Protein chains: 2
Amino acid sequence: MSDFKVPVNDYLFLFNDVLDMQQKYQRVEGGDQATPDMLEAIFTEGAKFCENEVAPLYQSGDDGCQWNQGDVTTPSGFKEAYSKYIESGWPSLTGSQEFGGQGLPTSVSSAFNEMLNTANWAWAMYPGLSEGAVATLEDHGTDEQKSTYLSKLISGVWSGTMCLTEAHCGTDLAQMKTKAVPNEDGSYKINGTKIFISAGEHDLTENIVHIVLAKLPDAPEGTKGISLFIIPKFLPAADGSVGERNGVNCGSIEHKMGIHGNATAVLNFDDATGYLIGSPHSGLSAMFTYMNVARIGTASQGTAAAERSYQGASAYAVERLAMRSISGVKNPEGPADPIVCHPDVRKMLLTQRVIAEGSRAMVCYASQFADLYTSAKTKEEQEYGESRLGFCTPILKGFITEQGVIAANYGVQVFGGHGYIKEWGMEQILRDSRIATIYEGTTGIQALDLIGRKTLMDKFKQLKIFTSEMRQFVMPLLLSTKTSRAMRKYAWKTLKMSLKWRYLALRMALQAKRNKDSVGAGSVDFLMFSGYAFMAYMWMQMAAKAEQKLNSSEGDSRFNQDKLISAEFFFERYLPQSSAHAKTISANLGSLMDMPNSYFADS
Amino acid sequence: MSDFKVPVNDYLFLFNDVLDMQQKYQRVEGGDQATPDMLEAIFTEGAKFCENEVAPLYQSGDDGCQWNQGDVTTPSGFKEAYSKYIESGWPSLTGSQEFGGQGLPTSVSSAFNEMLNTANWAWAMYPGLSEGAVATLEDHGTDEQKSTYLSKLISGVWSGTMCLTEAHCGTDLAQMKTKAVPNEDGSYKINGTKIFISAGEHDLTENIVHIVLAKLPDAPEGTKGISLFIIPKFLPAADGSVGERNGVNCGSIEHKMGIHGNATAVLNFDDATGYLIGSPHSGLSAMFTYMNVARIGTASQGTAAAERSYQGASAYAVERLAMRSISGVKNPEGPADPIVCHPDVRKMLLTQRVIAEGSRAMVCYASQFADLYTSAKTKEEQEYGESRLGFCTPILKGFITEQGVIAANYGVQVFGGHGYIKEWGMEQILRDSRIATIYEGTTGIQALDLIGRKTLMDKFKQLKIFTSEMRQFVMPLLLSTKTSRAMRKYAWKTLKMSLKWRYLALRMALQAKRNKDSVGAGSVDFLMFSGYAFMAYMWMQMAAKAEQKLNSSEGDSRFNQDKLISAEFFFERYLPQSSAHAKTISANLGSLMDMPNSYFADS
């Protein structure tokens with residue numbers, strides 16, 4: 001596989017030109033630190049770390065982790081890279097300054113994390129999981145809990161996990177069985193088994209802080225009876241250092257399709273000591289405030305797969321010689337033309353690229369709301385950020401992770417037979433990308449969240465805000481006589497997407513009145529359509545900015561030209577994918593729900 | 001993973017009811033043997049063999065083959081199952097009776113092979129590759145070659161391979177480097193290295209007969225200079241038994257994404273003795289006559305993935321409990337409802353099922369032409385079979401293998417996190433299925449074959465024959481007053497697909513006059529659209545027959561009802577997928593071809 005290069009220019013284009021984050025940072029605590037110079041320094045240095053320390057371990061990491069009597073050894077080189085990572089202070093970009101963090105806006109670490117994810121997803125999950133623990137403790141921990149754990153977690157000396165799933169329940173946490181019984185000293189005794197715990201056991205840090213969902217003895221039935229606990233692998237000693245071993249053990253690690261470098265642990269809690277976070281029975285809502293941020297992190301796995309796979313495939317396509325171009329010889333000196341000359345190969349590469357760049361823009365766009373949600377200067381702005389982020393989240397997680405699998409599939413295909421062989425690394429990207437549509441809530445769950453809680457129950461409020469913003473962007477382009485033909489075309493297509501998006505939502509609302517199952521039936525198609533509409537808005541903005549910079553000879557003209565090429569491909573050849581989703585949303589429900597379960601059970 | 005059950009009823013429904021193969025067998029040598037009783041006996045006994053001997057080795061086979069100093073050991077149990085396979089006479093269903101075959105029509109072994117493929121793809125590839133060697137020798141071998149090799153290959157005591165690819169060329173065989181130099185005794189000395197040789201080395205048979213492409217010293221440039229050779233692993237002794245070791249050695253086997261149970265060999269030919277098949281420099285055309293049959297075999301890997309994955313996922317979905325149905329509790333006694341109640345899960349299952357059943361029908365339909373091609377009683381019929389098969393082949397191979405990956409992806413998704421874990425077997429189906437869109441000609445190559453040689457260069461002749469047949473089927477349904485509402489809807493949709501298919505081909509022809517690259521640019525979308533149209537025709541026929549049988553209380557009413565349910569889903573919720581392909585075919589070409597290669601090379 002080719003060496004990985006972080007597309008630093010793309011991040012700077014998005015932050016400085018397309019999204020004008022400087023203006024947005026004025027509303028955010030710590031935003032004044034994120035000057036253009038600072039952003040460029042962080043992205044450039046971050047890119048070096050990703051390219052030199054983490055990316056080279058991507059393929060070798062596929063050999064996987066080793067479990068031995070409860071201990072887990074990570075792949076060769078992972079530990080050394082992690083040491084460098086914490087020495088350089090990378091984990092603390094955004095943590096609160098009180099506990100040693102640098103207090104930068106979330107959007108900055110979100111961009112850095114995407115680089116890290118692309119360099120080596122399985123490795124990046126170790127520090128990635130800690131962020132969930134930090135966010136949960138910052139929002140819901142007591143002062144004592146914060147002072148015990150936060151500085152250790154923010155510095156990266158300790159790491160964190162999130163323990164939700166049990167063997168019989170993942171999505172449906174109401175069925176959870178792990179029990180917590182109060183001890184006399186205010187702590188709790190926890191018993192149960194959690195599975196699928198990413199980064200659940202490893203050799204990178206001196207302690208692992210598990211954030212665990214469990215039920216108290218007097219818990220109400222269902223999801224309203226779930227509480228949240230801190231269960232450290234080693235109990236903190238009085239001086240804050242690592243103390244006595246706690247009753248949590250790694251029973252085994254899973255053999256998975258991909259992300260072999262990250263240990264997916266079965267954790268057994270045998271009379272483990274835990275500490276309640278927040279109030280009893282409110283664990284799930286505490287978890288969900290964290291989920292919106294975590295799901296954006298997972299969304300970026302789609303971007304990562306598309307970017308990494310594109311880099312590998314495009315490098316191969318300009319080198320590999322096969323057949324002659326149908327429109328005339330392109331490489332007369334060679335025995336054949338490079339496969340990049342063949343239209344179908346080009347189409348696969350361009351698809352990967354517009355997914356990578358389009359989805360990166362979507363995540364960056366949404367990160368402005370994450371900034372407000374975590375650090376707005378006023379309560380109103382904080383709520384505004386939360387609600388806008390809440391609408392974007394299921395689209396990002398659901399749509400981008402599916403797009404990542406599509407892109408990774410094309411990467412394998414461009415390599416032909418070699419794509420199927422481990423040595424080239426392309427099939428690993430596909431295997432790794434496949435988990436992203438499952439964990440942190442499957443695509444189906446994201447789709448129900450989007451159409452249910454975030455659209456119908458919201459009475460279309462957030463959808464209207466989003467589509468109105470789209471229209472406000474394109475109407476001046478459509479009304480001005482100076483708009484170029486290309487921009488007019490994109491503006492028109494973007495406008496149509498915004499209108500159709502609202503129409504489809506309305507249609508689903510009407511269908512739902514007749515039969516509630518229609519919501520579930522059309523939900524994934526609605527999610528996908530929403531993703532294409534969102535991505536169209538991003539490509540519209542990127543194209544307009546690139547054209548403007550090109551016309552005024554600002555910046556790198558090659559970069560701007562390339563961006564316009566990609567935009568043209570997106571609107572002409574990729575956006576039409578949305579049409580099939582629009583069509584099936586309105587299909588009759590009988591075709592899906594009328595048959596008895598016996599149709600599925602034994603035939 | 002659930003136990004695999006062969007859907008015997010579905011094969012009988014296709015052969016006896018939908019396609020009326022009895023009538024078609026009258027035109028085929030050996031067709032009189034394939035009576036309904038014989039078919040039922042073969043399918044029923046074949047199913048037992050698949051279910052009891054081969055399917056149980058599917059998951060354990062994923063542990064892979066072992067290479068040791070040129071020898072390859074297949075996974076545990078493979079050898080024993082192979083012994084039973086040849087003892088029971090399964091390999092000889094269709095081989096010519098002169099060499100011990102049973103002389104049944106190709107369609108019968110095609111159906112049996114699909115069962116075998118579904119039971120265990122990696123295992124089935126060992127005998128599957130032999131079929132290519134048999135077909136090549138039957139068509140192009142000398143009498144001496146036939147008598148030396150055919151009975152051994154048809155009985156399965158020896159196996160065969162097809163050796164085309166070299167490290168630097170797969171699709172573009174003109175670049176091939178393997179050399180053949182004449183010996184004085186009429187044999188040839190072969191030197192070179194072939195890669196990606198499926199079943200290239202193993203411990204199942206006493207000899208392996210490699211069919212190898214190589215160049216003679218006086219070969220013209222390009223694909224017109226390729227000759228075909230037999231290179232047995234052991235040279236046959238005078239009495240026909242295994243003699244001296246030949247100069248062919250397995251240098252290594254590949255580490256692949258999937259199909260671990262099948263050894264993908266690097267074969268080194270060092271002064272190996274080979275025997276010319278057919279005349280010099282005509283190797284590629286000899287290979288291509290075999291390719292049409294082999295590609296149908298590969299197509300059925302898509303059907304296999306869809307069927308196997310559907311069986312696993314549907315069994316899981318009726319058992320696994322999570323959440324309550326949005327339209328009201330369905331399982332009040334349990335802690336949650338089975339996930340099959342959730343519309344999106346249902347949609348994934350139904351998609352898998354209509355892919356499995358629809359693609360099976362497509363393969364069976366095309367196998368009537370394979371029968372004519374291999375064993376028609378007249379030359380005219382043989383040519384008719386060849387040309388109709390030739391048109392179907394790229395659609396079957398290109399479309400069905402892509403559909404298989406889609407179906408296998410859904411199988412993983414239905415299982416949630418468990419789908420990503422090896423133990424459940426669902427991710428293995430996905431990994432195994434992924435090779436099918438690559439080998440035997442990638443999807444892109446199939447697409448060029450379909451739009452180029454089989455449509456434009458054919459002046460739409462075959463396309464017209466196919467679409468006329470579709471119209472002849474649906475017009476009586478549309479004109480009759482007795483047609484049910486459902487059948488009228490399907491007939492109308494099928495008619496529209498046939499008209500649009502021709503319109504799109506015509507449009508591509510017109511575009512091609514302006515710019516030849518437009519053919520390549522739209523080719524994969526055209527292939528996919530063709531696949532949906534073909535599949536719509538199959539679902540139309542299956543639905544009409546199922547309705548007719550249900551109305552006249554013929555056969556298994558449950559089976560017929562289920563078929564109608566699937567048809568409704570196909571037309572309402574799956575066929576609309578074709579719309580996105582139709583849209584992008586006509587996209588402007590600039591978005592794909594205008595950019596310089598530097599756009600891809602280093603950004």
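**View 1. B:Gln541, a buried residue in a helix of chain B.** B:Gln541 has 22 C-beta neighbours inside 10 Å, so this residue counts as buried (buried means that 20 or more other C-beta atoms, placed from the backbone, lie within 10 Å of the residue's own; exposed means 12 or fewer, and partly exposed is in between). You can find B:Gln541 in helix H16 of chain B, residues 517-551 (helices are DSSP runs of H or I with at least four residues, strands are runs of E with at least two, and both are numbered from the N terminus). Setting aside neighbours within four places in sequence, B:Gln541 is in contact with B:Val18 and B:Phe473 (contact means that the C-beta atoms, placed from the backbone, lie within 7 Å). Along the chain, B:Phe473 and B:Gln541 are 68 residues apart, yet their C-alpha atoms are 8.1 Å apart in space.

A note on reading these views: the model is predicted, with local features needing pLDDT of at least 70 and side-chain atom pairs counting only at pLDDT 80 or more, while totals for chains, interfaces and linings use all residues. Residues are numbered from 1 along each chain as its sequence is written, and chains are lettered from A and ligands numbered from 1 in the order in which they are written.

**View 2. Strand S6 of chain B, enclosed and paired with S3(B) and S7(B).** All of S6(B), residues 207-214, is tucked away: 8 of the 8 residues are buried, so the strand is largely enclosed by the rest of the structure. One side carries B:Asn207, B:Val209, B:Ile211 and B:Leu213, and the other B:Ile208, B:His210, B:Val212 and B:Ala214. S6(B) runs antiparallel to strand S7(B), residues 227-232, and 6 bridges join them (strands pair if DSSP finds at least two bridges between them). Look for B:Ala214, which stands opposite B:Ser227 in S7(B).

**View 3. Strand S3 of chain B, a parallel partner of S6(B).** S3(B), residues 158-163, pairs with S6(B) in the parallel sense over 6 bridges. To trace the pairing, match B:Gly160 with B:Val209, then B:Cys163 with B:Val212. In S3(B), 6 of the 6 residues are buried, so this strand too is largely enclosed by the rest of the structure. Both faces are covered, with B:Trp158, B:Gly160 and B:Met162 on one side and B:Ser159, B:Thr161 and B:Cys163 on the other.

**View 4. Helices H11 and H12 of chain B pack against each other.** H11(B), residues 379-414, and H12(B), residues 426-433, meet at an angle of about 160°, with their axes 8 Å apart (axes are lines fitted to C-alpha atoms, for helices over the stretch in contact, and angles run from 0 to 180 degrees between N-to-C directions). The two helices are therefore roughly antiparallel (over 145 degrees; under 35 is roughly parallel, 65 to 115 roughly perpendicular, and the rest oblique). Residues making the contact include B:Gly404 and B:Ala408 of H11(B) and B:Ile429 and B:Leu430 of H12(B). By class, there are 6 nonpolar, 4 polar and 1 charged residues (Ala, Val, Leu, Ile, Met, Phe, Trp, Tyr, Cys and Pro count as nonpolar, Asp, Glu, Lys and Arg as charged, and the others, Gly among them, as polar).

**View 5. Helices H14 and H15 of chain A pack against each other.** H14(A), residues 461-479, and H15(A), residues 485-514, pack at about 155°, with their axes 9 Å apart. These helices are therefore roughly antiparallel to each other. Among the residues that meet are A:Leu463 and A:Met470 in H14(A) and A:Trp492 and A:Trp501 in H15(A). The contact divides into 11 nonpolar, 3 polar and 3 charged residues.

Definitions and conventions. Contact = placed C-beta atoms within 7 Å.
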